[in-house]
Amino acid sequence: MALGVASQQLDLLDPVTRFCGEALPANSIFAFLHQHREALFPDGLFTDLFAAVGRRSVPPSVVATVMVLQRLEGLSDREAVDRFVFDARWRYAAGVGGWDGAGRVGFAHTVLVDMRERLRRSDRPDRIFEVALDAARAAGLLGRRRVLDSTPLYDAVATMDTITLIRSAIRGLLTAAGGDLAGRLRAVLSGGDDYTTTGKPVIDWDDKTARDALVDSRARDGYALLAVLDGLTDLPEPVGQAMRLLATVLGQDLEAGDDGTLRIARKVAPDRVISTVDPQARHGHKTSHRGFDGYKGHIAVDPDVEVITATAVTAGNAGDVEPVAGLIADLIDQATAAVYGDAAYGAGEVLQQLDTAGIDIKTKVQPPVAPTGKFTKDRFEVNLRDATVTCPNGLTVAIRPVRGHARHAGKADFGTACATCPLRGQCTDSKTGRSITIGHHEAHLTTARTRQQDPAWQADYRATRPKVERKIAHLMRRRHGGRRARMRGQRRIADDFTLLAAAVNLARLATLGLTHTLHGWALNPT
């Protein structure tokens with residue numbers, strides 16, 4: 001398919017153009033896209049997505065406009081095309097005018113699917129987000145402060161229980177194998193299940209013995225299939241993927257009892273696959289009491305203009321620390337930069353990363369805690385230079401190194417001295433005495449805890465960090481494509497989340513009054 005080009009000969013007497021031009025506020029997203037669509041995403045921006053010859057595509061500038069408005073309003077592909085056909089504001093934004101002229105009346109909803117896939121496979125999948133950000137940067141809107149936060153993105157599939165996971169993984173492997181290989185695999189099945197249906201087998205689910213027998217039989221079928229494939233080379237990639245998924249599902253949920261029967265383990269694997277339809281989705285926790293299934297969307301926001309500067313999507317069980325480097329990449333080597341974040345970003349590795357980059361640290365660090373009101377760690381004087389720790393009673397002990405531990409670099413044991421200490425009741429109930437662990441990033445954590453006691457630091461934090469919450473509310477206000485993912489798979493969800501951020505940014509730039517002139521982008525030029 002070849003690149004289609006939008007007509008630049010707009011009819012000023014067109015009724016849609018005339019009506020919307022008079023009725024819409026100048027800072028509406030529709031008026032902004034109508035006026036600056038060609039400057040933001042001209043058809044030439046998408047040349048690399050199309051062939052040199054072939055049937056002409058729908059002009060990409062029109063499709064990009066529809067994609068932006070679709071994400072703002074949380075619409076499906078069919079709903080978005082209907083809105084483009086019948087809503088005068090959408091037609092005005094896309095520059096196609098009314099229904100009685102030469103402008104395009106409509107197009108198939110699959111055009112949107114095709115454009116997303118073309119973008120995903122390209123070298124610049126996030127170009128719509130990039131051009132919006134470049135416009136803000138060219139106008140001098142972006143400063144050197146960033147606020148970080150994350151929010152759950154619920155997956156678009158049903159979470160599966162163990163039986164459904166195993167049966168679905170086996171069915172997927174048999175389907176991927178096909179032909180003679182599928183026949184060899186089916187020959188070793190002994191559980192009495194043909195794995196052609198998605199429904200659960202009919203048993204008495206109140207009978208524990210029947211449930212255990214079902215789990216054992218299906219698990220043994222799975223292991224039998226893996227045994228057939230073990231050692232085979234040159235397996236097609238779909239078969240290899242299905243085999244690995246089955247091995248993961250069997251390994252994460254099952255354990256053998258004393259009688260050799262395979263049963264559901266009384267534990268939750270730390271990286272548990274929750275669906276064979278979307279194997280990258282995970283159980284996640286936003287707080288200790290609030291769980292979800294799916295992914296996490298991460299953003300960095302410029303708090304001064306409330307423009308999203310970076311996005312990332314991780315599995316639901318990933319920590320907020322994981323994507324920090326990518327979110328603040330534009331601040332590296334910039335003077336007077338600052339990063340704000342709640343306690344999720346107060347980890348030692350983040351503090352060290354920010355300190356190394358010369359960035360002002362405005363991330364909150366949790367204060368140390370201790371059980372039942374005992375002395376917390378900050379009541380002890382930790383001297384890293386001399387490698388000693390002094391307790392509230394004035395006893396000083398040396399820090400002994402701890403090697404090979406992911407979090408601990410050293411430990412100070414007060415041992416038997418606690419037995420005769422008059423402050424023991426306020427310090428520890430341990431028979432072996434109080435111990436203080438020293439982390440790899442102890443100096444950064446101590447400095448950060450001291451810094452955040454400053455009233456000026458606290459006032460700046462309270463005035464700045466909440467702005468990211470409002471921006472997340474803008475992203476999540478539509479359930480379809482906001483809080484609930486529209487896609488499956490981390491890559492597609494990440495692309496869709498970035499497109500949503502681009503749409504919200506464009507709406508924000510319209511509100512601010514950004515305008516493209518002969519000299520480039522400017523804010524309310526005179």
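Arg71, Leu153, Gly481, Gly482, Ala485, Arg486, Met487, Ile493, Asp496, Phe497 and Leu500 line the largest cavity of this structure, which is a predicted model. The space inside this cavity comes to about 80 Å³. How many cavities of 30 Å³ or more does the structure hold? The count is 1. Helix H18, which spans residues 490-512, gives the most to the lining of the largest cavity, with 4 residues. By residue class, that lining divides into 6 nonpolar, 2 polar and 3 charged residues.

The largest pocket holds about 890 Å³ of space. Its lining consists of 33 residues, and Lys377, Arg407, His408, Thr437 and Arg449 are the ones that lie nearest the pocket centre. Which elements each supply at least two residues of this lining? They are helix H13 (348-356), strand S14 (435-439) and helix H15 (442-451). The largest share comes from S14, with 4 residues. In the lining of the largest pocket there are 13 nonpolar, 12 polar and 8 charged residues.

The protein as a whole has 18 helices and 16 strands. Taken along the principal axes, its C-alpha atoms fill a box of roughly 95 × 70 × 40 Å. The chain has 526 residues, of which 49% count as buried. The exposed area of the protein is about 25800 Å², and carbon and sulfur atoms supply 52% of that area. Among contacts between residues at least 6 apart in sequence, 67% join residues at least 24 apart.

The next topic is a loop residue and its contacts. Lys374 sits in the loop between strand S8 (360-363) and strand S9. Is Lys374 buried or exposed? Lys374 is buried, because its relative accessible area is 15%, under the 20% limit for that class. Arg424 is 50 residues from Lys374 along the chain, and the C-alpha atoms of the two are separated by 9.3 Å. Neighbours within four places in sequence aside, Lys374 is in contact with Gly425, Gln426, Cys427, Thr428 and Asp429.

Cys427 also enters the account of the cysteines. How many disulfides does the model contain? The count comes to 0. Cys418 is in no disulfide, and the nearest cysteine sulfur, that of Cys427, is 5.8 Å away. A disulfide would require a pair of sulfur atoms within 2.5 Å. Cys418 itself counts as buried, with 9% relative accessibility. For Cys421, the closest cysteine sulfur is in Cys391, at 5.6 Å, which is too far for a bond. Cys421 is buried as well, at a relative accessible area of 19%.

A second loop residue is Thr261, which lies between strand S2 (254-256) and strand S3 (262-264). At 18% relative accessibility, Thr261 counts as buried. Leaving out residues up to four places away in sequence, Thr261 touches Asp212, Asp216, Arg220, Glu255 and Ala256. Ser168 is 93 residues from Thr261 along the chain, and the C-alpha atoms of these two residues are separated by 21 Å.

Backbone geometry is the last topic. Most residues other than glycine have a negative phi. Tyr195 is not a glycine, yet its phi is positive, at about 55°. Where is Tyr195 found? Tyr195 is in the loop between helix H9 (179-186) and helix H10 (208-229). Tyr195 counts as buried because its relative accessibility is 1%.

Ala387 likewise has a positive phi, of about 60°, although it is not a glycine. Ala387 is found in the loop between strand S9 (381-383) and strand S10 (388-390). At 31% relative accessibility, Ala387 counts as partly exposed, a class that lies between the 20% limit for buried and the 50% limit for exposed. Strand S9 borders the Ala387 loop and also the loop that holds Lys374.

Note on methods. Residues are numbered from 1 along each chain as its sequence is written. This is a predicted model: local features need pLDDT of at least 70, side-chain atom pairs count only at pLDDT 80 or more; totals for chains, interfaces and linings use all residues. Side-chain values use heavy atoms; hydrogens and water are left out. On a 1 Å grid over the protein atoms alone, a cavity is a set of points where a 1.4 Å probe fits but cannot get out, and a pocket is an open set with protein on both sides within 12 Å along at least five of seven lines; lining residues have an atom within 4 Å of a point. Grid points are joined across faces, edges and corners, and a volume is the space filled by probe spheres set on the points. Ala, Val, Leu, Ile, Met, Phe, Trp, Tyr, Cys and Pro count as nonpolar, Asp, Glu, Lys and Arg as charged, and the others, Gly among them, as polar. Buried means under 20% relative accessible area, exposed over 50%, partly exposed in between (1.4 Å probe, protein chains only). Contact means heavy atoms within 4.5 Å. Accessible areas come from the Shrake-Rupley method with a 1.4 Å probe; for residues, only the protein chains shown count as cover.
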